[in-house]
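Let's take a walk through this one, strand by strand. Have the sequence and the 3D view side by side as you read.

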Amino acid sequence: MLKKLLSAAALFALIFPVTAGAQQDAEDPFLWLEEVEGESALNWVKAQNTRSLAELEADPRFDDMYQEALAVLTSDARLPLGDIHGSYVYNFWVDETHVRGIWRRSKLEAYASGAPNWETVLDFDKLAADEGENWIHGDIVCLNPEYRHCMIEMSYGGKDAAVWREFDTRTKTFVEGGFYLPEAKSFLDWADKDTLLVGTDTGEGSLTDSGYPRTIRILKRGQTLTDAPVWFEGEASDVWVYPVVEHDDDETYLFAGRGKSFFETEMFFTKALDGEKEKLNIPLNADYSGVFSGRKTNPLAIFRLRKDFDAGERTYFSGSLVGVDLETGALTEILRSSDKQPIQSVGIGEDEIFIQYLDDVSGKAARLRPGGSKGGWQKKQIKLPESGVINLVSVGDDEAVFTYESMNSPTALYFVSDRNKAEKIDQMPAFFDAEGVVVEQRFATSKDGTKVPYYVMGKEDVLESGNAPTIQYGYGGFLVPILPIYYEDPSRPQHGALAGSMWVKRGGVMVLSNIRGGSEYGPGWHQGALKENRQKAFDDFIAISEDLIERGITSPEKLGAIGRSNGGLLMGAMLTQRPDLYAALDIGVPLLDMKRYNKLLAGASWMGEYGNPDLDDEWAYISQYSPYQKIVADQPYPKVLFYTSTKDDRVHPGHARKAAAKLDDLGYEFYYYENIEGGHGGTANQDQLAHRTALEYVYFAKMLMGD
């Protein structure tokens, strides 16, 4: 059986206006900055980098902050999170020696005992050196259950577009004359050891308007892509199509997903490559999680619902976990959820389903087994620590790996056996002295009366004294919850390990904002900020800022804010809507020109989130907040920091470039940093990430703490 954790967002690792009916000014003077590799554009970028880095790197705090960030990001004491495949656990590891990383494995038994015996499967630093390429590790897709035949994704400098090559985990070598996909934004899965289902760029007509695959082909070993027959086809107006194949003993389940928008997918199913594909009776806005084929049920395709679904004979409620019987097509309810306890992730075992969910933004976990009363499902709680973040890392047959953490409690690794016993097998050491550091959950009241939670982290005496330098983080989109993590995602400088060691210990306060647009309270929390409701996410963030000031924690002169990607759009809205509230704004890999966002790189795929600016009725509400159009003269804008990446092929660097150039043209000061490589993450390795993180915290120190 294929053991993998899937959600609409995680599957592709993809994230991610002035009056109604107004037309874009044809004389946009900064349109030339959209030419990513244009000579004039790159000369402008290099000039801005030189100017900004000269000032930020000269700050006497920079070197210490860089070393602190590097120590956290490359520490050997980080937890080796891994995926269970048969008798092995596979892990990707980066440290000072392995800058690009190594893919390695340990026997499951040794891993579960807390003493993994790692063997290197693929060394990306050695590969890059041997081949003279700037290879950056991407996804790995292997054929279960043997997990020998694998497709390895590698990009040039960290872009979304990547090369795929076949790799043999037994010989630990790339397969000579094996499967190969040239650079593109591709989706693939194994039908069998000699057959791939592939969605990729095969020339004219093969991509959607969003730049993703429109067709899925059956690629046989030794066959060229152009000779491979089309197995499934979508429309150019779709976001993408993609294959998913599940293997369970002798059974194979083949799916084609047709993304009609970023959040709406039709799922088609067949058991044979030449079989007729049946569209599953499931709503468009359901998230696929995998196939469960336990001994007490027919095989079930598992979905999480994001809206109520009227199936005729009954209604299945938003947030619930349901299964589609792949033999009869019947729908069954596995677990009814609620907005207060939304399911965040699902893992499919042999006879059980593992879930991780939230309870008022605090993590919980459980396992579900068929055979309950009246033919239903039993839910058994997994005893893990309270009042923190729980992450479902991987699922084996009927065992699972979880982590627990909080902003001031280092991440711990738990192995949950088939006896439901949760054993702590490892724990990350503390990266800062948390003595006297508190983390508190509070609530602000948004403009429409909605209660919005947020977390505050700071030294107790600093919070009591008040008026502290404060950084407020926000995102608010694409169903992404903002949780009080210690180290789960090192690309976010607001997580506890970096925030504690680089900011809180220096007397600063870190704030996490659970604004609408995420999934902290289920699908409805996300839908509350979609399209015409986007302003509510901005209002929520503003309400938290005002609450921080009203409580005396900080003041406008000492309050800064940070966000990246969709969070960069949030920061752009804060700049243009409430510049009076902030003394510093860190705007990372942002969307800012919302009139043209759907024409730039992957932008068209996000119209399900923001709307279509080419339609007058939708531009009418987008135009009310689009930051690029809203930047005007004679405003109390703070001196902002923009950062982006030339190699970002998801959110176009032109957004940040044009906004910075417009500010410059109007006489405002700003900092600007564009990494020449790094993709949407903005960096290509931990050293670059440490450098950028130090730039961000030095920026906040200058603006909120002074020189």
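Start at Ser345: its bridge partner in strand β25 is Gln356. (Strands here are DSSP runs of E with at least two residues, helices are runs of H or I with at least four, and both are numbered from the N terminus.) Ser345 belongs to a pairing in which β24 (residues 343-348) and β25 run antiparallel, joined by 5 bridges; two strands count as paired if DSSP finds at least two bridges between them. The two strands make a hairpin, with 4 residues between them.

Before going on, a word on what you're looking at: this is a predicted model, where local features need pLDDT of at least 70, side-chain atom pairs count only at pLDDT 80 or more, and totals for chains, interfaces and linings use all residues. Residues are numbered from 1 along each chain as its sequence is written, and side-chain values use heavy atoms, with hydrogens and water left out.

Now follow β25 onward. It pairs with β26 (residues 362-370) too, again antiparallel, over 7 bridges. Asp359 sits opposite Ser362 of β26. This is another hairpin, with 2 residues between the strands, and Asp360 in the turn has a positive phi of about 55°.

How enclosed is β25 (residues 353-359)? Of its 7 residues, 6 are buried, so the rest of the structure largely encloses it. Buried means under 20% relative accessible area, exposed means over 50%, and partly exposed is in between, using a 1.4 Å probe and protein chains only.

Next, look at an open sheet of 4 strands, which pair antiparallel in the order β1-β2-β3-β4. The edges are β1 (82-85) and β4 (119-123); each has a single partner strand, so one side of each has no neighbour in the sheet. From one strand to the next, the twist averages 25°. β1 is joined to β2 (residues 88-93) by 4 bridges, and Ile84 stands opposite Val89 in β2.

Finally, there's the largest nonpolar core, a set of buried Ala, Val, Leu, Ile, Met, Phe, Trp, Tyr and Cys residues joined through side-chain atoms within 4.5 Å. Of its 159 residues, Phe255, Leu280, Phe303, Met574 and Phe642 touch the most other members. Helix α14 (residues 686-705) gives the most to this core, with 10 residues. Take Leu280: leaving aside neighbours within four places in sequence, its contacts (heavy atoms within 4.5 Å) include Phe255, Met267, Phe269 and Phe303. In soluble globular proteins, nonpolar side chains tend to be buried together.

Definitions and conventions: Axes are lines fitted to C-alpha atoms, for helices over the stretch in contact, and angles run from 0 to 180 degrees between N-to-C directions.
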